[in-house]
Every structure is written in C-alpha cells, then in structure tokens.
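This report sets out selected features of one protein chain for a reader working from the coordinates. It takes up burial, contacts, annotated positions, charged pairs and internal space.

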Amino acid sequence: MSRVYNFCAGPAALPTAVLEKASAEMLDWNGMGLSVMEMSHRSDEYVSIAQKAEQDLRDLLHIPSNYKVLFMQGGATAQFAMIPLNLLGDKKSADYINTGQWSAKAIKEASRYCDVKVVASSEDKNFSYAPTQSDLNLNPDAAYVHYTPNETIGGVAFDYIPETGDVPLVADFSSSILSEELDVSKFGMIYAGAQKNIGPAGLCIVIIREDLLGDARTETPTSMNYKVAADNDSMYNTPPTYSWYLAGLVFEWLKQQGGVKGIAVINDRKASKLYKYIDQSDFYANPVAVNNRSKMNVPFTLKNSDLDKAFLQGADKAGLLNLKGHRSVGGMRASIYNAVPEEAVDALIAYMDEFANSNS
C-alpha cells in the first residue's frame, strides 16, 4: 500500500509510525485481548495510558508544575465559550486580538458572555500580518487577553509573545503547538485542538495555570468547568479515549524525533524551502508579511487563477492531496505540520516547478 502526501489543514497527517503502532495494537493492546477503544476509561490500564500521555506532553513542553493539563472534548471551538465562562470571574470585559477567521470566531462567541474589546486587528490589510506589541491597546482591567499565534486559514503567525502585564494571556495554539519551543510560563492558558499536531479530531488540550481555576460563572455547564475537569483528571465524564491514546503515541513519536527542539529544526527547513521557491518564482506568490509567515500553513496563489483547477487535479494525480485553499481565501494552501515529512515538501516544490514550466 502506498501513502500519499497529505497537506490538509485538519484533520491532518499523522506520523506513519504512529498509525502502524495503533494498527498493530488495534485488536489486542498489550496482550489484553481487546482494543483501547473498548477499555473502561477508569480501568488501571487506561489510566496508565492517560497518565503517560500527560507526562510526555509535560516533558515535551517543559510545562511548569503549577499548570494543569486537561484533555477535553469539543475541539478548540468549544473553548471559545469555555474561556469567558471560566476566566471572567467578576470582570466584565476581555481583550481580543483579531488576525483572521479563528480570532473572529473566538470574538463572536465570547461576545455572548462579556464586553469584548478588540485591542488590535489586521483586517485593514486582509489579515496579511500580525499587529506589533505597540499596536496593542490593552485594558489593564480586562479579565484576560486572547490571541491566535498562528492563523490556519490565512497563514499568519505572530513572531513574538504579547506582553500583557498582570492580565492573563490566553492563546489558541491549535495549528502550531509542539512545532517549536515555547515558554508556557508566559501564558495564563494555552489551548489546542488535536487534529493538526497532536492527534485525531475530537480532543482539545488545555494547559492552564492553577490560580485561574475555580472562578467559573454559575451558569457554566459542569462538564465545561476547568476546575471540575482538573479535579477529576479530565474524566468527569467519559473522555475521547481513543483520541487521547493516539495523542499519547504522537507524543512518544515526537520524543523520538528529538522532542520539540528537534522537530523545530525540521519544520524550519521545510518552511524555508517552500517559501524560498515561492519567492523566486514569478508564477506563485504568498500574500503574508515576511516576518509573519506561518511555518505550519503556507498559502499561495497562482499568477493566473484560471489554472487553479488544473493545478489541483495534477497535484491529486501526483499524490499531493488537500492543497486547495480555504473557501474564504481561495488559491492554495500547504499545511506542513510535524507529521508531514520533508520529502513531501520536496515533492510539492518539484510539482509546482513542473506545473509552472508547463503553463508559463
């Protein structure tokens, strides 16, 4: 069986080694005669799987001991509501930075629960850059400051961590978590949907400083209360057990690649190759400010958009799948997450070059 190169933004590619191990353990995990997805989440065997996954993640990100790691359901989108419900406390407003569609969705949802102050936005240039620290009109009385370090759709990434003083910084790391080293202590809370760099869809990782727990609004559903999740080791109700198990296998694999530091070197190389090719070409273009280019999601356009369909058809035939840009942006997008091998980027560049030469 041959595997294609998958450039999907999510659900995204998983490491082949992880899929092979999961396949080998599908019917019989560790000689138990049953699959992980058939286990009770409260069994000793599954609890050991869950605990190891959490510890491996803590090791990879060097998570301080005063942070809780929660494995929650609903994806990152559910967090758009959970964040204000859990973090507002007695505050009435929260600050948000708007750099694209995911920021905008978070803003819209939070507006149901509080006064949202958009303290900076890059909408004036079609979300092609990230505001600088000096652009941020922060409110010292805000409950928290929220931003999206990497916008999956537009391919825009922050090249710094915002300074917010005593106001907790909350970040949606769904599309860039584990791709490069990160100082978790600079954040009040980090969250990330799993289906890009962690594992399959259905799981969301929340990393939250302990002092931010315990002040949820009274109307917060019990299953969405971070303190309840923390007090019950993310098992207040049945968690997405198989997704959690697969995430654990991804963490194991990542450790084998040299951890986050090791994979970051590969990610830098992959992104540099692709951007270098795009920049030297007069057939392709990238719309994002150079210092805000994402290393995970690389959008690009063709000189003649009438060729988009032919480009995608040819890419599919070449085993380069899911390169169509988001419907709101158009063009192409190559998502080159941790599990996308460097040879996939090499194959994409070779195809892009061949297509350009044939259609110039």
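A residue is called buried when its relative accessible area is under 20%, exposed when it is over 50%, and partly exposed in between. The model discussed here is predicted.

By this cut-off T220 is buried, because its relative accessibility is 9%. T220 is placed in the loop between β10 (203-209) and α5. Apart from neighbours within four places in sequence, T220 is in contact with L85, N86 and N225.

**Annotated domain and L178**

The UniProt record, an unreviewed entry, carries the annotation "domain: Aminotransferase class V" for residues 4-348. Over residues 4-348, helix accounts for 32% of the chain and strand for 17%. The C-alpha atoms at the two ends of that range are 12 Å apart.

Another loop residue, L178, is found between β8 (169-172) and β9 (189-193). L178 counts as buried, with a relative accessibility of 1%. Setting aside residues up to four places away in sequence, L178 touches L57, L60, L61, N197, I198, F251, L254, V260, I263 and N338. By contrast, a gap of 31 Å separates the C-alpha atoms of L178 and R217, which are 39 residues apart along the chain.

**Positions listed as binding site**

Under "binding site", the unreviewed UniProt entry lists A76, T77, W102, T152, D172, Q195, N237 and T238. These positions span 163 residues in sequence, and their farthest two C-alpha atoms are 30.4 Å apart, so they do not all gather at one spot.

Two of the listed positions, T152 and T238, can be described further. T152 sits in the loop between β6 (150-151) and β7 (156-157), and is buried at a relative accessible area of 4%. Beyond its neighbours within four places in sequence, T152 is in contact with A9, W102, S175, K196, N297, R333 and Y337. Among these contacts, W102 is itself on the "binding site" list.

T238 lies in the loop between α5 (226-231) and α6 (241-256). Its relative accessibility is 48%, so T238 counts as partly exposed. With residues up to four places away in sequence left out, T238 touches H41 and Q73.

**Salt bridges**

Side chains of opposite charge can pair when their charged atoms come close. Across the whole structure, 17 salt bridges are found. Three of them are tabulated below.

| Pair | N to O distance |
|---|---|
| E252 and K21 | 3.2 Å |
| E54 and R58 | 3.0 Å |
| R293 and D279 | 2.8 Å |

How far apart in sequence are E252 and K21? The two residues are 231 residues apart, with E252 in helix α6 and K21 in helix α1 (residues 16-24), and the pair links distant parts of the chain. K21 is partly exposed, at a relative accessible area of 35%. Both E252 and K21 also belong to a network of salt bridges that links them with K52, D56, D59 and K255.

The pair E54 and R58 has another setting: both residues lie in helix α2 (residues 44-61), 4 residues apart, which is about one turn of the helix. E54 is partly exposed, with 25% relative accessibility, whereas R58 is buried, with a relative accessible area of 15%.

In the remaining tabulated pair, the closest N and O atoms of R293 and D279 are 2.8 Å apart. R293 lies in the loop between β11 (284-285) and β12 (297-302) and D279 in helix α7 (residues 259-280), so the pair ties together parts that are 14 residues apart in sequence. R293 is buried, at 15% relative accessible area, while D279 is partly exposed, at 48%.

**Internal space**

Rolling a probe the size of a water molecule over the atoms shows where empty space is left. The count comes to 1 cavity of 30 Å³ or more. The space in the largest cavity is about 60 Å³.

Which residues line the largest cavity? They are A13, L14, P15, K196, N197, I198, G199, V250, W253, N338 and A339. By class, this lining comprises 7 nonpolar, 3 polar and 1 charged residues. The lining residues N197, I198 and N338 are also among the residues that L178 touches. K196, another lining residue, is in contact with T152.

Notes
Residues numbered from 1 in each chain as written. Predicted model: local features only at pLDDT ≥ 70, side-chain atom pairs only at ≥ 80, totals over all residues. Heavy atoms only, no water. UniProt positions renumbered as here; feature names shortened; annotations may be inferred. Buried < 20%, exposed > 50% of the residue type's maximum accessible area, 1.4 Å probe, protein only. Contact = heavy atoms within 4.5 Å. Salt bridge = Lys/Arg side-chain N within 4 Å of Asp/Glu carboxyl O. 1 Å grid on protein atoms, 1.4 Å probe; cavity = no way out; pocket = protein on both sides within 12 Å on 5 of 7 lines; lining within 4 Å. Points joined across faces, edges and corners; volume = space filled by probe spheres on them. Nonpolar A, V, L, I, M, F, W, Y, C, P; charged D, E, K, R; others polar.
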